[in-house]
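Here are a few short exercises to work through with the structure open beside you. Try each task before reading its solution.

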Amino acid sequence: MIIVMEHKASPQQVDAVATRLQQLGFDTHLSVGVERTIIGAIGEKRPGYVEMLSAMSGVERIVPILQPFKLAGRELHPEPTRVKVGNTTIGGEEIVVMAGPCAVEGEEQLLEVAREIKAAGAHILRGGAFKPRTSPYSFQGLEVEGLKLLALARQETGLPVVTEVTNPRDIELVAEYADMLQIGARNMQNFTLLREVGHSQKPILLKRGLAATVEEWLMAAEYIISGGNHNVVLCERGIRTYETGTRNTLDLSAIPAVKHYSHLPIIVDPSHGTGRWRYVTPMAKAAVAAGADGLMVEAHCRPEEALSDGAQSLTPANFRQLMVEIKAVAQAVGRKSGSLTVV
Ligand code: PEP
Ligand code: MN
């Protein structure tokens with residue numbers, strides 16, 4: 001529930017209400033606005049609580065939070081959240097581009113593509129060290145070695161690094177090397193993992209599950225935020241439909257839906273969303289036009305040699321072209337993008 005304090009409520013009155021709520025077992029979230037202060041109370045509401053709290057001095061009214069996602073929703077937190085990753089802010093005016101290979105394959109492969117995407121104006125380097133693969137016989141990632149190479153690439157390029165963590169026991173290890181922890185589509189409802197990253201200090205990139213509704217996705221974010229980690233960025237990466245012409249069906253309507261229900265930033269991954277490199281730039285442009293706060297794009301210097309997802313990986317030249325094309329769309333919708341000038 002939301003406790004709306006009177007316009008002239010004193011800090012002491014606000015404190016007294018917050019303390020009472022905590023005594024009743026609620027987690028409290030204070031939001032001090034220009035007009036008035038509101039206190040969000042998350043916990044079990046028992047009969048009589050509303051009357052008791054309404055009687056406290058300085059309380060104007062009590063309204064229930066209608067959505068099941070209390071902390072990820074806009075009711076308690078109308079202002080958009082901005083998430084900092086290194087020196088980059090996601091959820092502001094700038095379209096933030098995360099790019100890099102599907103998997104870290106080796107030092108030369110990673111450094112080469114990291115330099116290319118940096119030169120093209122990308123903000124964050126992506127690359128999988130722990131790869132959740134459909135087949136146990138496919139390349140599973142370089143694991144710790146991959147993490148070390150990502151840290152080396154950060155040192156070389158200055159780009160912050162995002163990489164996936166697939167298991168609660170690896171969170172500390174991945175957090176030692178990465179600037180942002182990625183929860184992959186297949187783990188979106190791994191509640192143990194979500195709870196654990198909720199205790200991490202690192203920002204989280206939460207990808208949408210293969211068959212998850214927007215509500216289920218926001219509830220997954222709720223697990224992380226309720227653990228204390230408010231720095232969550234959502235990533236639409238396509239959902240399963242009957243269409244086989246693309247790897248997944250990129251649900252761009254999730255962007256306005258998430259913006260309507262939640263204050264969290266949302267980025268789009270047109271690489272996993274389509275599975276084909278030719279479709280990546282058009283869908284990246286559509287995502288920016290629809291209000292996405294950023295993109296996640298797979299890039300490889302030699303896609304034909306990639307150990308995973310070569311078919312959806314952009315060459316450096318194609319990635320540069322994407323950066324040029326999204327810049328024009330970003331400008332058209334009042335956003336900023338990249339450091340490249342249109343050529
Ligand atoms: C990835 O981005 O590396 C990945 C495996 O994507 P997803 O979890 O969306 O399939
Ligand atoms: Mn991939």
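**Exercise 1. Find the residue of β4 that stands opposite isoleucine 2, and place the pair in its sheet.**

Solution. Bear in mind throughout that this is a predicted model.

Step 1: Opposite isoleucine 2 you will find valine 63 of β4.

Step 2: Now look at the strands themselves. β1 (residues 2–5) and β4 run antiparallel and are joined by four bridges.

Step 3: Widen the view to the open sheet, whose four strands come in the order β2-β3-β1-β4 with antiparallel pairing. β2 (27–32) and β4 (59–63) each have a single partner strand, so they form the edges, and one side of each lacks a neighbour in the sheet. From one strand to the next, the twist averages 20 degrees.

Step 4: Add the helix. Helix α1 (residues 11–23) packs on this sheet and touches β1, β2, β3 (37–42) and β4. The direction of α1 makes about 5 degrees with that of β3.

**Exercise 2. Identify the protein donors of the manganese ion (ligand 2) and work out which parts of the chain they bring together.**

Solution. Step 1: List the donors: Cys102 (SG), His272 (NE2), Glu298 (OE) and Asp309 (OD), at 2.0 to 2.4 Å from the ion.

Step 2: Write their spacing along the sequence, which is C-x169-H-x25-E-x10-D.

Step 3: Take two of these donors and locate them. Cysteine 102 sits in the loop between β7 (94–100) and α3 (107–119), while glutamate 298 belongs to strand β14 (residues 294–298); the pair therefore ties together parts 196 residues apart in sequence.

Step 4: Check their accessibility against the cut-off for buried, under 20% relative accessible area. Cysteine 102 counts as buried because its relative accessibility is 4%, and glutamate 298 counts as buried because its value is 1%.

**Exercise 3. Decide whether glutamate 236 is buried or exposed, then describe its surroundings.**

Solution. Step 1: Locate glutamate 236 in strand β12 (residues 232–236).

Step 2: Its relative accessible area is 0%, so glutamate 236 is buried.

Step 3: Look for neighbours more than four places away in sequence. Glutamate 236 touches residues including Arg208, Trp217, Thr249, Asp251 and Ile267.

Step 4: Pick out a polar partner. The side chain of glutamate 236 reaches the backbone nitrogen of aspartate 251 at 3.1 Å.

Step 5: Finish with a backbone distance. Leucine 206 is 30 residues from glutamate 236 along the chain, and their C-alpha atoms are separated by 8.8 Å.

Note on methods
Residues are numbered from 1 along each chain as its sequence is written. Chains are lettered from A and ligands numbered from 1 in the order in which they are written. This is a predicted model: local features need pLDDT of at least 70, side-chain atom pairs count only at pLDDT 80 or more; totals for chains, interfaces and linings use all residues. Side-chain values use heavy atoms; hydrogens and water are left out. Donors are N, O and S atoms within 2.8 Å of the metal (3.2 Å for Na, K and Ca); water is not among the atoms, so sites may look incomplete. Helices (H or I, at least four residues) and strands (E, at least two) are DSSP runs, numbered from the N terminus. Buried means under 20% relative accessible area, exposed over 50%, partly exposed in between (1.4 Å probe, protein chains only). Contact means heavy atoms within 4.5 Å. A polar contact is a pair of N or O atoms within 3.5 Å; within protein, one must be able to donate a hydrogen and the other to accept it, and residues adjacent in sequence count only if both atoms are side-chain atoms. Two strands pair if DSSP finds at least two bridges between them. Axes are lines fitted to C-alpha atoms, for helices over the stretch in contact, and angles run from 0 to 180 degrees between N-to-C directions.
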